[in-house]
Amino acid sequence: MTNTPWVRVLLLCSAYGFLVLARQPTRVHAQPPAELQMPKFQLEPLWRKPLPPRWITGEVGGSCFDAQDHLFTVNRGNLTPKEQVLGVVSPAVIEFDKSGTVVNSWGDRNILPRKLHSCFVDYEGNIWIAGNEDAIVQKYSHDGSKLLLQIGTKGHFDTSDGTINGAPMNSSHELLNLPASVAVDAANGEVYVADGYGNRRVVVFDREGHFLRQWGRQGTVAQADAGEGGVFLKVVHYVVLGNDGLVYVCDRLGGRIQVFDKMGNFKRNILVQSNTARLTGIGSVCQLSFSPDPAQKYIYICNCGDEEIRILDHVTGRTLGTFGRSGFEAGEFNGLHSIAVDSSGNLVTAEAGVVTGGGHRLQMFRLVGD
């Protein structure tokens, strides 16, 4: 090769580039930046053992774990005509141990709220249940043998005429209106209710069920899109308290989680965008659970509109990834409605399929990496 000035320049540039690269630390085995990491899950299709003979649950409205990682589910028993011939309605509340085996079941459907919607296990191991076709939330002993407390009066609604068809009043200190979920503050026993299918509020009671405070009202699409706090586009669908002392509320049709302090002062929005939320009227953020580490690094969103689990960074609200899709196969969702996380970080999803007539099933996703 002729040693022209241009060739000498190229050789010098190449040598300089080699030296620069040689001085750089190796990145072959480096971990990706923390903000790009996310937990990984693997479907465990045989986790739940078969139910007792002929039991059929219908829609599984909600699920929750206790301190021993036993899973409680509340189901609606709304069997199809064919199912009524082939099987029997299961008990309303079913308890599974860590291996997915039924260890207890209970619940008088005449006493329980109608159309069971969610459950919550408090710091004393009591089971709280809400139903979105009634006006009550109830507290039961861990084994279901005792009804310990009821907030609201069954069949009496916080509406203009006291019936389920009346105009929502969003104001009663004694009555509720189609409550969706319950959370209990371990610090003082205060009870937070997402009174959100008829009313549009979070209402707080003391441990004996006496009214303390409330916040929230019906909002507009413009207000939701502008990120205005304390207004809900339609359903106040879920409430949960974080380890940070804040209250996280699912504004289902608003496409966001609204975060408040315990007095109801708005702090921030965590947006949950969706391809189908407003198109279908289902919404994007049905329920959320935190990862079990003390900092609750991740938020897991039950995106019922898009039939997926969405993984968010808690601090930034950034979406890190998703899994699942619409369908009836294992690992897919049809009527995705709730999510629960155990102490090891494993996820269990429950399907109600109110709109779609969906899967009506539980699925376990085992945490396999973080």
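A residue counts as buried here when its relative accessible area is under 20%, and since F333 comes out at 0%, I enter F333 as buried. I note at the outset that this is a predicted model, and the entries that follow should be read with that in mind.

**Entry: the rings around F333**

I began with the aromatic residues, and I kept in mind that a pair of aromatic rings is described by the distance of the centres and the angle of the planes. I found eleven aromatic pairs in the structure. I looked up F41 and Y300, whose ring centres lie 5.6 Å apart with the planes at 85°, so I recorded this pair as edge-to-face. The two residues come from distant parts of the chain, since F41 sits in strand β1 (residues 40-43) and Y300 in strand β23 (residues 298-303), with their positions 259 residues apart in the count. I checked the exposure of both: F41 has a relative accessible area of 17% and is therefore buried, and Y300, at 2%, is buried as well.

I then turned to F333 and F365, which form a tilted pair with 5.8 Å from centre to centre and 55° between the planes. This pair also links distant parts of the chain, because F333 lies in the loop between β25 (319-323) and β26 (336-341) while F365 belongs to strand β28 (residues 362-369), and the two are 32 residues apart. F365 has a relative accessibility of 4%, so I count F365 as buried. Which residues do the ring pairs link into a cluster? I listed F41, Y298, Y300, F323, F333 and F365, so that both of the pairs described above fall within the cluster.

**Entry: a sheet of four strands**

I recalled that strands of a sheet pair through backbone hydrogen bonds, either parallel or antiparallel. I then traced an open sheet of four strands, in the order β8-β9-β10-β11, and noted that the pairing is antiparallel. Why is one side of β8 and of β11 left without a neighbour in the sheet? I found that β8 (116-121) and β11 (147-151) stand at the edges, where each has a single partner strand. Leaving direction aside, I noted that neighbouring strands of this sheet are turned by 20° against each other on average.

Within the sheet I followed β9 (residues 127-131) and β10 (residues 137-140), which pair in the antiparallel sense over four bridges. When I looked for the bridge partner of I127 in β10, I came to Y140.

**Entry: the hairpin of β6 and β7**

I looked next at strand β6 (residues 93-96) and strand β7 (residues 102-106), which run antiparallel and are joined by four bridges. I wrote down that E95 has N104 as its bridge partner in β7. The hairpin has five residues between the strands, and I noted that G100 takes a positive phi near 85° in this hairpin.

**Entry: the largest pocket**

I recorded a volume of about 960 Å³ for the largest pocket. This pocket is lined by 40 residues, of which F65, F120, V121, V240 and L241 are the closest to its centre. I then asked which elements give two or more residues to the lining, and I found β3 (60-65), β8, β12 (181-184), β18 (236-241), β22 (287-290) and β26. The most comes from β22, which gives four residues. Sorting the lining by residue type, I entered 21 nonpolar, twelve polar and seven charged residues.

I stayed with β18 a little longer, because Y238, at 9% relative accessibility, counts as buried, and I confirmed that Y238 has its place in this strand. I also noted that Y238 and C250, though twelve residues apart in sequence, are 5.1 Å apart in space from C-alpha to C-alpha.

**Entry: positive phi outside glycine**

My last search was for backbone angles. R54 has a phi near 75°, which is a positive value in a residue other than glycine, and I placed R54 in the loop between β1 and β2 (55-56). With a relative accessibility of 48%, R54 counts as partly exposed. N170 is not a glycine either, yet I read a positive phi of about 60° for N170, which is found in the loop between β11 and β12. Is N170 buried or exposed? The relative accessible area of N170 is 17%, so I closed the entry by marking N170 as buried.

Note on methods. Residues are numbered from 1 along each chain as its sequence is written. This is a predicted model: local features need pLDDT of at least 70, side-chain atom pairs count only at pLDDT 80 or more; totals for chains, interfaces and linings use all residues. Side-chain values use heavy atoms; hydrogens and water are left out. Two strands pair if DSSP finds at least two bridges between them. Axes are lines fitted to C-alpha atoms, for helices over the stretch in contact, and angles run from 0 to 180 degrees between N-to-C directions. Rings of Phe, Tyr and Trp (its six-membered ring) pair if their centres lie within 6.5 Å; planes under 30 degrees apart count as stacked, over 60 as edge-to-face and the rest as tilted. Buried means under 20% relative accessible area, exposed over 50%, partly exposed in between (1.4 Å probe, protein chains only). On a 1 Å grid over the protein atoms alone, a cavity is a set of points where a 1.4 Å probe fits but cannot get out, and a pocket is an open set with protein on both sides within 12 Å along at least five of seven lines; lining residues have an atom within 4 Å of a point. Grid points are joined across faces, edges and corners, and a volume is the space filled by probe spheres set on the points. Ala, Val, Leu, Ile, Met, Phe, Trp, Tyr, Cys and Pro count as nonpolar, Asp, Glu, Lys and Arg as charged, and the others, Gly among them, as polar.
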